[in-house]
Amino acid sequence: MKFTLKQLRYFDAALRTGSIARAAEEMHISQSSITAALDLIEQSLGADLFRRIPAKGIVATRMGTEVGARVAGFLEQARVFESDLMSLAGDPTGTLRLACYAPTAPYVLPPILKRLAQYYPDIRIDLMEGDMAQISERLTNGTVDVALTYGTLTPQSQPFHPLFGAYPWVLLPSDWPEAQRASVDLRDIADRPMVLLDLPGTEPYFRSLFEAQGLRPNVVHSTKSSSVLRGLVAGQFGYSILNICGPNDRDGRTGYTARPMAGDPEAPAFGVAYAAPLKQSAMVQAMLSIGQNLTAEGGFDHLLMGPDR
């Protein structure tokens, strides 16, 4: 190979940023080093990979885009390879790109990150949030290594290890009479106004809970934010349904109260998904071990509300 790993990283930075200047800034080297790497790779392949546009930067040609995809894949493999080599001499080390389903992040991330820092201090976490569709896409395109998410939208090509089943429960304004019951039957509230968490994969699931009993929810508001959802319920705009129970959801002092859902509702599995090529990665195995140990210790039990909780 006529070019080095470092030069491939320069190429990748230029392609991602669309600018030699921005690539140089990101890589902390001179613009001339970026230009020299691009020229060498183009000469070696005998093809133009970029079009230089004065005052606007650089634009990849069709060939440049194809080469860029292969370079990005190779660099990802090199990153994992380097991390695994370093881990042979001791504990796992390197950067773990971790994604988390946004509505659950404030609740499931703290115990996991605390345990990772305690047992694997040499692993640096690059954290991202998103909805289930975004997380699945990022796993597929290699933007993240591991994700904490529901298995609902996780493709079969992405290994998924469940940590717990998250039973749905009902969030009610504290002064509603249903908030005083031990559990809430959907048949008693279906006609009441509902605030829906509207993210990819959530609406069909929540509606299916009603459809299983021949009911239709009366959705009056929808939001993509679980914080806004809680605020609307506290403001008595309606009830809602969630799967992860926050520390303030049960006591009623915030204007809303969590109650178990009566019957035997479907409990979607929440767990760890990861990119299939990383199955043997020391960092991925460390993440799986942390999650499984926390589950065995009951480390997520306080987040769950179901028939036996």
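Three strands form an open sheet in the order 10-7-11, with antiparallel pairing. Strands here are DSSP E runs of at least two residues, and helices are H or I runs of at least four, numbered from the N terminus. Two strands pair if DSSP finds at least two bridges between them. This is a predicted model: local features need pLDDT of at least 70, side-chain atom pairs count only at pLDDT 80 or more, and totals for chains, interfaces and linings use all residues. Residues are numbered from 1 along each chain as its sequence is written, and side-chain values use heavy atoms, without hydrogens and water.

The edge strands, 10 and 11, each pair on one side only. Twist averages 35° from one strand to the next. Strand 7 runs antiparallel to strand 10, and 3 bridges join them. L171 stands opposite S240 in strand 10.

| Strand | Residues |
|---|---|
| Strand 10 | residues 240-242 |
| Strand 7 | residues 169-173 |
| Strand 11 | residues 256-260 |

Helix 9 (residues 226-234) packs on the sheet and touches strand 7, strand 10 and strand 11. Contact means heavy atoms within 4.5 Å. The direction of helix 9 makes about 50° with that of strand 7. Angles run from 0 to 180 degrees between N-to-C directions, and axes are lines fitted to C-alpha atoms, for helices over the stretch in contact.

Helix 1 (residues 5-17) packs against helix 3 (residues 31-45) at about 100°, with axes 9 Å apart. Helix 1 is therefore roughly perpendicular to helix 3, a term covering 65 to 115 degrees. Helix 1 contributes Q7, L8, Y10, F11 and A14; helix 3 answers with S33, I34, A37, L38, L40 and I41.

Definitions and conventions: Angles under 35 degrees count as roughly parallel, over 145 as roughly antiparallel, 65 to 115 as roughly perpendicular and the rest as oblique.
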